[in-house]
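This report examines helix packing, salt bridges and backbone geometry in one protein chain. The structure is shown first, and the discussion follows it.

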Amino acid sequence: MNTEFTVRQATLADLDTLVDFNAAMALETEDKGLDLDVLRGGVATLLEDSSLGFYLLAESDGAVVGQLMVTTEWSDWRNAHFWWLQSLYVAPDFRRLGVFRLLYQRVCQQARDVGNVCGLRLYVERTNHRAQEAYVNMGMALSHYDMYEVEF
């Protein structure tokens, strides 16, 4: 197996892969089946409107093996954006080979290059200890905030 990876920004041509990876991630991490039509629309909307965010893809031999979505949150306290890392997924055969590290490093570099990004944030299922360990290994720390939500 090739362990050389490249990273690129996703385009609309990647829609099917992104939908497949997002559905697999939701099932694996939350035991949640997603409505594929709604998911497809959500992914397509982001790909067509860069103001909503972007996806980075990791590839090996021309095949997508990992993804990471970035959305933004404005911080009035910091006069800058937080970038939220979401929809992170690495294909099972490519885990623990540095795919997430490469995606994370690219996001960090892009955030620094943009210049008005004050930090990166993400949320993770409380029971997903393997992911939590990976985030700590990247230098992230557990926030002092808890997250609350209401869905409509």
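The sections below treat the packing of two helices, then the salt bridges, then two residues with positive phi.

## Basis of the report

The model is a predicted one. Its residues are numbered from 1 along the chain as the sequence is written.

## Packing of helices H1 and H2

Two packed helices are described by the angle between their axes and the distance between the axes. For helix H1 (residues 15-30) and helix H2 (residues 36-48), the axes come within 10 Å and cross at roughly 125°. That angle makes H1 oblique to H2, because angles over 145 degrees count as roughly antiparallel and those from 65 to 115 as roughly perpendicular. The crossing of the two helices, H1 and H2, is right-handed.

On the H1 side, the contact is made by Leu15, Asp16, Leu18, Val19, Asn22 and Ala23. Their counterparts in H2 are Leu36, Leu39, Arg40, Val43, Ala44 and Leu47. By residue class, the contact of H1 with H2 divides into nine nonpolar, one polar and two charged residues.

## Salt bridge between the two helices

The structure holds five salt bridges. One of them joins the side chains of Asp16 and Arg40, with an N to O distance of 2.8 Å. Asp16 belongs to helix H1 and Arg40 to helix H2, so that distant parts of the chain, 24 residues apart, are linked by this pair. Both residues also appear among those through which H1 meets H2.

Asp16 counts as partly exposed, at 47% relative accessibility. Arg40 is likewise partly exposed, with a relative accessible area of 33%.

## Further salt bridges

Arg95 forms a salt bridge with Glu28, in which the closest N and O atoms are 2.9 Å apart. Since Arg95 lies in the loop between E4 and H3 whereas Glu28 is in helix H1, the pair ties together parts that are 67 residues apart in sequence. Arg95 is partly exposed, its relative accessible area being 26%, and Glu28 counts as partly exposed at 47% relative accessibility.

Glu73 and Arg121 form another salt bridge, with 3.3 Å between the closest N and O atoms. This pair also links distant parts of the chain: Glu73 is in strand E3 (residues 63-75) and Arg121 in strand E5 (residues 117-122), 48 residues apart. Glu73 counts as partly exposed at 28% relative accessibility. Arg121, in contrast, is buried, because its relative accessible area of 19% falls under the 20% limit. In addition, Arg8, Asp14 and Glu59 are joined into one network by salt bridges that share partners.

## Positive phi at Ser87 and Arg96

Ser87 is not a glycine, yet it has a positive phi of about 50°. The residue is placed in strand E4 (residues 80-90). Is Ser87 buried or exposed? With a relative accessible area of 16%, Ser87 is buried.

Arg96, also a residue other than glycine, has a positive phi near 65°. Arg96 lies in the loop between E4 and helix H3 (99-114), the loop that also holds Arg95. At 64% relative accessibility, Arg96 counts as exposed, because the threshold for that class is 50%. Thus the positive phi values occur at a buried residue of a strand in the case of Ser87 and at an exposed residue of a loop in the case of Arg96.

Technical notes: Predicted model: local features only at pLDDT ≥ 70, side-chain atom pairs only at ≥ 80, totals over all residues. Heavy atoms only, no water. Axes fitted to C-alpha atoms, helices over the stretch in contact; angles between N-to-C directions. Helix = DSSP H or I, 4+ residues; strand = E, 2+ residues; numbered from the N terminus. Parallel < 35°, antiparallel > 145°, perpendicular 65-115°, else oblique. Left-handed = near helix turned anticlockwise from the far one by under 90°. Contact = heavy atoms within 4.5 Å. Nonpolar A, V, L, I, M, F, W, Y, C, P; charged D, E, K, R; others polar. Buried < 20%, exposed > 50% of the residue type's maximum accessible area, 1.4 Å probe, protein only. Salt bridge = Lys/Arg side-chain N within 4 Å of Asp/Glu carboxyl O.
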